[in-house]
Number of protein chains: 2
Amino acid sequence: MRTTKFTSPLEWSRSRYQPPLPKVLRGSTVATEGESTTCVEHVDQIKKLFPKSFGKPIIKLAAEENKAKKKPLKVGIVLSGGPAPGGHNVIVGLYRFLKQHHRESQLIGFKGGLIGVVKNDFIEIDSEKCTNSFNLGGFHMLGTGRDKIDSEEKKEATRITAVKQNLNGLVIIGGDDSNTNAAVVCEDFLKHEIPCQVIGVPKTIDGDLQNEYIETSFGFDTATKVYSELIGNIMMDCLSSRKYWHFVRLMGRSASHIALECTLQTHPNLLLVGEYVEKKKVKFIQIVNMIADIICKRFEKGNKKYGVVIIPEGLILFIPDFKQLLDRIDEMFGSNKKKTDWKAEDLVKYLEEKKDKESQVLFKELPKGISSQLLLTRDPHGNVDVSKIETGKLLKWSVRKILRRRAKQIQEENSLSKRYFNNWSCMTHFFGYEGRCGFPSNFDCNYCNALGHTAGHLLAHGKTGVMAVVRNLTDPVEKWVCSGIPITAMLNMEKRLATWRPVIRKTLVDLKGRPYKTMLRRSNEWGLNDYYRSLGPIQFEGFNANSICKTLMLNQSGNDTEDDEEYGSSSDEEDEEEEDLK
Amino acid sequence: MRTTKFTSPLEWSRSRYQPPLPKVLRGSTVATEGESTTCVEHVDQIKKLFPKSFGKPIIKLAAEENKAKKKPLKVGIVLSGGPAPGGHNVIVGLYRFLKQHHRESQLIGFKGGLIGVVKNDFIEIDSEKCTNSFNLGGFHMLGTGRDKIDSEEKKEATRITAVKQNLNGLVIIGGDDSNTNAAVVCEDFLKHEIPCQVIGVPKTIDGDLQNEYIETSFGFDTATKVYSELIGNIMMDCLSSRKYWHFVRLMGRSASHIALECTLQTHPNLLLVGEYVEKKKVKFIQIVNMIADIICKRFEKGNKKYGVVIIPEGLILFIPDFKQLLDRIDEMFGSNKKKTDWKAEDLVKYLEEKKDKESQVLFKELPKGISSQLLLTRDPHGNVDVSKIETGKLLKWSVRKILRRRAKQIQEENSLSKRYFNNWSCMTHFFGYEGRCGFPSNFDCNYCNALGHTAGHLLAHGKTGVMAVVRNLTDPVEKWVCSGIPITAMLNMEKRLATWRPVIRKTLVDLKGRPYKTMLRRSNEWGLNDYYRSLGPIQFEGFNANSICKTLMLNQSGNDTEDDEEYGSSSDEEDEEEEDLK
């Protein structure tokens, strides 16, 4: 919805970048059916809920001259959920495919998320709009939103839009929730015999839309590079100023993928992984002590008054005693739905009534500012709005308390440790919005362009209820493999707001997976030493402009081929350089 | 003090970048004396304080074969104050000059700021250290610190270091305070006939070390580009999500240069300029209303629920009633220096005693979290530690209050405005540490390399008490003009902690200057429209890799030659592209 053209020189120059296409997508394709699919769990329920679309086969695209007579297609596309770098390239990729397919094809974009489909609120996508947003970040061409097509009224309105617009297809770009919704809409169209195919595209910076079919969702690569740039800068500040600890909280409510990727990239002194905390039932005070321990060790062993801790946004939801406290709050909210101004006293009373000693103790230990934040409004889904809870500060204040307690236990009045523990300095940061709309990395530009083309091919082959999937992403682009995976294959049943619903299962950090294990193997040396790694700003040209995030490398290639020493110059080279100077 | 080599591919590739040298510095130079200098104000006092170094002439460097026999030089260098991108290049530039000058020359680096000079705590700088940090951000080669050589004991220790090390020169890289200190050390050396020359180098990301001699301090260009990248990303998020306001606070305690430069780069909806607020005596509640007004206007005229406000770090010190409140707090602190745990009640009582109605009213209006922050510890200089006061949140909470008050005045129950004002959403950000150690832009790499060489030439010519200054920075590098300016020429007397001291006068934003006026001229259209500008990450190669910040362009060239439309593609080009696709 931005009307101006390029606002900066880099926007202009990026719009000229032409992502290479996978070989398979360079001409016409045929679609072959692979093995049939089932779903992740709860087969009977899912089958019942998706009678028309369940169990369909995987669709494989192969390059082949396709002599079938081509008809123009009319397709609608929509961006759903939080922005992720590369969304525009999916749109442009699809547009370009459609125009190649038949010059009379049409692409319309629904505005402001799925509500735009319901309301039939759209714009025509033309060549100019594509040129003005190709390879650029943001979702501003169409806007986005968090609405779902989740009621009978909205479904009916969506059918009306499809018929009125005479759509051959609807492409929904979104995360797990939005793609689940794509499956629901597809089933509804099939049930009512609406001749509009539905294709999903896997988007989310969080990295949790990843499974046996999807290697990575788009946006993850760019967002983690933006956050890693900032973390690297802060680390260099640590080494320069040598007096602050920095607690950096990173977006990612459900899963710690972003935090883990940024850790693999930058080597902070400590990463708190939500999934580990949950599995090992690590309590709040244990986490605080874990941080305090590393602070003490670094000071006592290396006289280091600085360090970096990475905290995933949703950490506190993984902490069992904290989670229990939050559940109690939810319960309390539920006990009187009309009341909106809950106070700390109310909660103290409620916990007393419930005889929940553990929560009482925890709530009392919390810094005041935080305890009031816990009672703030919840998000539209009815979950606690974790992003409003300042986990960084919560931990900072709690760690300070512990350090002062430790200082008291030191007898010697002039002890350096005593003085340091009493005067420990810490800065907190939260990075989220800074990366969701960054200029997409070359990887995300290429990936999204391929996703858009893949969606187009699947539409042209008459497929529906499938997600556009591009694989072998760690290979050169030309070797990428493109397919359509039935969305129902990724579903299971989960309880949301007291109701069981079909949803795509989020993939959390696998504690047995290579990315986590790689981090674990090095966590001790990263903790005590300063093996900080400074990535710098994303580069679009030159050496390393096509680098791929480490999570993907480790998951797919089995190892991280980038050897930190590789680009260190040999000492011979240096000697030569010195000679030049003399 | 980082021991590892390149930690990332970009560090490696940047270390290979060879900044071009100004023509004048490519071979040997002669130094000619220009006009004599005086000082900014308080001539008599400054003259008295600097009897040996006052009134010296400007030193101009010119390329000329210099047949004088060259002796090896031994030089010490030190980084002082907050880190700024490019510091390493000053060191490497100087090192390279010294080695060219005479291969037996030596450079040592004092560790951890000026205290390293006092303690004679140093490292030898060699070719390897230079290669490993050339064109890289941070001050980690030596570390930095905020100590000053400000007592007789420290001065004596400094003299001892100079003699012990047999130094020909000491180069102090720092901001206004550190360069003032360089003048003090120089005078002290001259007084005691220590044969060690002192050269200053102008560093600070804040941009306030700029005057008739200095076009810009190093680091400002890079830091503002890093912040502008993040602001641009947030703006694209605004246009995509369309539901949040973002209050972005930017580092810069005394002056609003950073905030102004980022505004010229990104076109936010509102910039609060500290210098304007001070001059016009804008009260706190007026500022809150100013923000609320633009929020209301954008919603009512364009149904826009989003926007970006830029806030300079030190804003509240410029707000007269807020300043008065802070002064009262300082007074209260001073009334009992032993007491450290001041409470809100103490202040309320104190203001009552002083019959300061205005401060009482303001303090009562402040959100609780903020009023307690005001009573936190102060910085080492004894100033209120402005960076600890969360101005962004202070404004957010205060604006929310005003908006709810306005909502109440709307009679119509179903009014969209009423609903919006009650549910206004806002995120706050503070960017500071994220930019101080970024990879220096090509401009800062080139500038700092030239500054290092200039410092070397000035030393070789036997000059002391001068700052290395490079000018004509908006011209191509080869045309840059290099000189040495007596630091005393920039001094005046200022009251610091109740004592009059000689200091370099900080340059605040000039309300009659071109940068401010350019912003002012466009502020209305930027306020109501979405003329957001997304710069993207700093690029080191390709189109626009050598761009220069707008403040410098406007101040020096008189205009900002970069025309936003220039890089917009012509429609012809687009038609061609469309044809290609069909």
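Buried means under 20% relative accessible area, and partly exposed covers the range from there to 50%. The exercises below use a predicted model.

**Exercise 1. Find out how many disulfides the chains hold, and check A:Cys437 and B:Cys445.**

Solution.
- Step 1: Take the cut-off. Two cysteine sulfur atoms must lie within 2.5 Å.
- Step 2: Test A:Cys437. The nearest cysteine sulfur belongs to B:Cys238 and is 9.0 Å away. A:Cys437 is therefore in no disulfide.
- Step 3: Classify A:Cys437. Its relative accessibility is 1%, so A:Cys437 counts as buried.
- Step 4: Test B:Cys445. The nearest cysteine sulfur is that of B:Cys448, 7.5 Å away, and B:Cys445 is in no disulfide.
- Step 5: Classify B:Cys445. With 0% relative accessibility, B:Cys445 is buried too.
- Result: The count over all chains is zero disulfides.

**Exercise 2. Describe the contact between chain B and chain A: how many residues does it take, and what area is buried?**

Solution.
- Step 1: Count residues. Chain B gives 80 residues and chain A gives 80 residues.
- Step 2: Take the area. The size of an interface is often given as the accessible area lost when the parts come together. Here the two chains, B and A, bury about 7,000 Å² between them. Carbon and sulfur atoms carry 55% of that area.
- Step 3: Count the polar links. There are 26 residue pairs in polar contact between chain B and chain A, both residues at pLDDT 80 or more.
- Step 4: Locate the chain B side. Elements giving two or more residues to it include α1 (9-15), α3 (87-101), β11 (426-431) and α22 (571-581) of chain B. The largest share, ten residues, comes from α8(B).
- Step 5: Sort the residues on the chain B side. They divide into 28 nonpolar, 26 polar and 26 charged.

**Exercise 3. Work out which salt bridges join chain B and chain A, and which residues form a network.**

Solution.
- Step 1: Recall the principle. Side chains of opposite charge can pair when their charged atoms come close.
- Step 2: Count. Four salt bridges run between chain B and chain A.
- Step 3: Take one pair. A:Glu390 and B:Lys393 meet at 2.4 Å, N to O. The cut-off is 4 Å, so this pair qualifies.
- Step 4: Follow the shared partners. Salt bridges join A:Glu390, A:Lys393, B:Glu390 and B:Lys393 into one network.

**Exercise 4. The structure holds 48 salt bridges over all chains. Which parts of chain A do the pairs A:Lys111 with A:Asp121 and A:Asp293 with A:Arg406 tie together?**

Solution.
- Step 1: Check A:Lys111 and A:Asp121. Their closest N and O atoms are 3.9 Å apart, and they form a salt bridge.
- Step 2: Place both residues. A:Lys111 sits in the loop between β4 (106-110) and α4 (114-118) of chain A, and A:Asp121 in the loop between α4 and β5 (122-124), so the pair ties together parts ten residues apart in sequence.
- Step 3: Classify both. A:Lys111, at 24% relative accessible area, is partly exposed. A:Asp121, at 34%, is partly exposed as well.
- Step 4: Check A:Asp293 and A:Arg406. Their side chains form a salt bridge at 2.7 Å, N to O.
- Step 5: Place these two. A:Asp293 lies in helix α11 (residues 284-302) and A:Arg406 in helix α17 (residues 391-409) of chain A, so this pair links parts 113 residues apart in sequence. A:Asp293 is partly exposed, at 38%.

Definitions and conventions. Residues are numbered from 1 along each chain as its sequence is written. Chains are lettered from A and ligands numbered from 1 in the order in which they are written. This is a predicted model: local features need pLDDT of at least 70, side-chain atom pairs count only at pLDDT 80 or more; totals for chains, interfaces and linings use all residues. Side-chain values use heavy atoms; hydrogens and water are left out. Contact means heavy atoms within 4.5 Å. Buried area is the accessible area (1.4 Å probe) that two parts lose on being put together, summed over both. A polar contact is a pair of N or O atoms within 3.5 Å; within protein, one must be able to donate a hydrogen and the other to accept it, and residues adjacent in sequence count only if both atoms are side-chain atoms. Helices (H or I, at least four residues) and strands (E, at least two) are DSSP runs, numbered from the N terminus. Ala, Val, Leu, Ile, Met, Phe, Trp, Tyr, Cys and Pro count as nonpolar, Asp, Glu, Lys and Arg as charged, and the others, Gly among them, as polar. Buried means under 20% relative accessible area, exposed over 50%, partly exposed in between (1.4 Å probe, protein chains only).
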